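Student: I've got a new model open and would like to learn how to read it. Can you walk me through a few features?

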Amino acid sequence: MTAPQPQQIVVGVDVGGTFTDLILMNQDGGDIRIAKVPTTVENQAFGVLAALEETGISLDRVKSIVHGTTATTNAMLERKIARTGLITTEGFRDVLELGRRTRPRPYGLKGSFRPLIPRELRFEVPERMDADGQVVIPLDEGAVRDAVRALLEAGCESLVIHFLHAYVNPSHEARAAEIARDLWPNPYVTAGHQILSEYREYERGVTAAVNASVQPVLDRYIARLCAGLAERGYPRDLLVMQGNGGTVSSTIVSEAAVNTVMSGPASGVMAAAFTARSAGLSNVITYDMGGTSCDVGLIRDGVPEVSSELELEYAMPIHVPMVDVHTIGAGGGSIARVNDAGILQVGPESAGSTPGPICYGRGGAQPTITDANLLLGRLNPTALLAVDNPVSLDDIRAAFGDRLGAPLGMSPEEAAAAVLRIANDRMAGALRMVSLSRGHDPRDFALFAFGGAGPLHASALAAELGIPKVLVPARPGITNALGCLVADVRHDYVRTVNAPLDGVDMAQVRALLEQQIAEGHAVIEREGVDIEELAVLHSADMQFAGQSHILTVPVDMPGIGREALQTAFEAAYWTRFEVSLPEIKAVLVNLHTAVIGKRRAVPLNALAPAAADTGSEAVSRRRVWFADGWHDTPIFWREQFPAGREIAGPAIIEQLDTTIVIEPADRVRVDPDGNLIVSVGDAPEGGAA
């Protein structure tokens, strides 16, 4: 194998709940190396370094490494966060706990909620701005110093400064943060306006609290990883994926640690958008099924949907721009059990990577979706990754019989089929959440299936929702790592205006947007990342006066004006609700700017497995269960499918990182980039453009 030139080698590495995936590529084409190793939960850096070692490439020859991590997401979900204190406006210490008038569950009178920062660590100081940014009560600097010292004595590692209306006038917040930094023994001081300069004190405060809570966690993790890379000879900066689908330098990533929440799912959506555009598909529903969860998103006109309305869990809104991904606990490791009511339940509990499904041979004893696929012939028992001690099919059959079949009055195979039906129903529900529930017809989209388990279920899900096409990329199991390679550097900014459109000073609007552009350019220059060009995207949050629902519309900076904004908002409102309200005034709520540093594109077709048409002969056959029963099914290798080849189902196509199930009524062909394009049932070939 010819070694690629040092200056051209790029690496994308993504940490999932079960596996850590890596792609190493020469940007000029040629050498492609991939690695897939178990995720090291105790320290994700170990798995990243192990994946790099598998490539056999000396790190001093690597141009760049881009990393997608679940470190902050997991820290939040598991509440393994830093002890954090809050200093806020007098009279408002309980805002983060009172929140909105919502309930954890829609029915019942009971619910539980544990705020990120407990009440005894929330301190008030005299100060007050009004909604116009005018000083009502001056900042008591002595009270700030006293609060900082008290929080340090209480053992706090991280600090949040969150004052009322600081999004309009941040002077008090900035001064308090300056005082705090003089006393605080580490850099973990978060001023809310620097993370989110947007109205709604509760959401802004929670976002700042999330940032402070995970900042030390991320900083330590990135420091350990960078140290490990340096020890192995990597001399350059590490880039880290953000939830907005862009990357940021590791030197500044912990300053806005909250932006890395949902980093992993975002990388998959970016890879899907990149691949689908190359395949000529502009409208795509992304479907990423891994070992722990299932993530779905939407791409319209080639652009991933981005939202600032993420709620990671109840009462934890995170209002920074993120790729809009809906996640459910349905992965290959999702555990199937008969609950106390005698009903078969699949997930959300997962066996993870340790002990994992029964078939991994690591001590797992509870049936999972992966085990069900294996028992039904959809997976090859001799070709599973990460198997320590092979487990026989008889042992798996016995587990399904004892734990599921006996209580339900089913055979082991019938129980396994029921597990797949329930899992598919849950995943179909997630796909409906990002399409039908938002006014989009799934029949106008293609389904982009990836993750180690996604292509096993994709065709059945597409048939359920009437989706005409499924696109399975060349390397489905490591698509998130590809997303790290294709992601650009990106920084997002938001400012609140919150005024009726007909009274807004448009010169001020242009000035705010130009200020955001300048901030983005300055940060990218500070990072020193190698980029080819800069791009800027603007958008505006708008609503009708008296309504709470906000719609986001694109903004054309050169032609921005009241009439253009009004027209864009009315069109967006009609598209979403099919209602016209000409008698109600529009309100300009927030202005957004994304400053994007475009990195050099990677050659997508280089990822396609080396393929040669060896004829239509299957490498083997086995009995496989489909929705209409058992079929004697041909088994193929992905390497048997060069561009242009086409076959009809039923079929199983196997490759290193996944298995693709072609349903009996489907047809599959290979496009020039090595993607499999599945025509579902009798769907017309021209669908889902």
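Student: Let's begin with the cysteines. How many disulfides does a search of the whole structure find?

Tutor: Keep in mind that this is a predicted model. For a disulfide, you look for two cysteine sulfur atoms within 2.5 Å. Searching the whole structure that way turns up zero disulfides. Take Cys226: the nearest cysteine sulfur belongs to Cys484 and is 14 Å away.

Student: Why is there no bond for Cys294?

Tutor: Distance again. The closest cysteine sulfur to that of Cys294 is in Cys359, and at 19 Å it is too far for a bond.

Student: And is Cys294 buried or exposed?

Tutor: Here you go by relative accessible area, where buried means under 20% and exposed means over 50%. Cys294 has 0%, so it is buried. Cys226 has 25% relative accessibility and therefore counts as partly exposed.

Student: Let me try another residue. Where does Ala571 lie, and why does it count as partly exposed?

Tutor: Ala571 belongs to helix α15, which covers residues 562–577. Its relative accessibility is 41%, so it falls in the partly exposed class. You can also set sequence against space: Ala571 and Ile285 are 286 residues apart in sequence, and their C-alpha atoms are 23 Å apart.

Student: On to pockets. What is the volume of the second largest pocket, and which residues lie nearest its centre?

Tutor: The general idea is that rolling a probe the size of a water molecule over the atoms shows where empty space is left. In this model, the second largest pocket has a volume of about 900 Å³. Its lining has 39 residues, and those nearest the centre are Gln194, Ile195, Ala256, Asp492 and Tyr493. Elements giving two or more residues to that lining include α6 (192–195), α7 (201–231) and α14 (506–527).

Student: Which element gives the largest share of that lining?

Tutor: That's β25, with six residues. By type, the lining residues of this pocket divide into 18 nonpolar, 14 polar and seven charged.

Student: Last one: the sheet with β29 in it. In what order do its strands come?

Tutor: With a sheet, you follow which strand pairs with which. This open sheet has four strands, ordered β29-β30-β32-β33, with mixed pairing. At the edges are β29 (620–626) and β33 (658–662), each pairing on one side only. Neighbouring strands are turned by 30° against each other on average, ignoring direction.

Student: How do β30 and β32 run?

Tutor: They run parallel, joined by three bridges. To spot the pairing on screen, find Trp637, which stands opposite Glu654 in β32.

Definitions and conventions
Residues numbered from 1 in each chain as written. Predicted model: local features only at pLDDT ≥ 70, side-chain atom pairs only at ≥ 80, totals over all residues. Heavy atoms only, no water. 1 Å grid on protein atoms, 1.4 Å probe; cavity = no way out; pocket = protein on both sides within 12 Å on 5 of 7 lines; lining within 4 Å. Points joined across faces, edges and corners; volume = space filled by probe spheres on them. Nonpolar A, V, L, I, M, F, W, Y, C, P; charged D, E, K, R; others polar. Buried < 20%, exposed > 50% of the residue type's maximum accessible area, 1.4 Å probe, protein only. Pairing = 2+ DSSP bridges. Axes fitted to C-alpha atoms, helices over the stretch in contact; angles between N-to-C directions.
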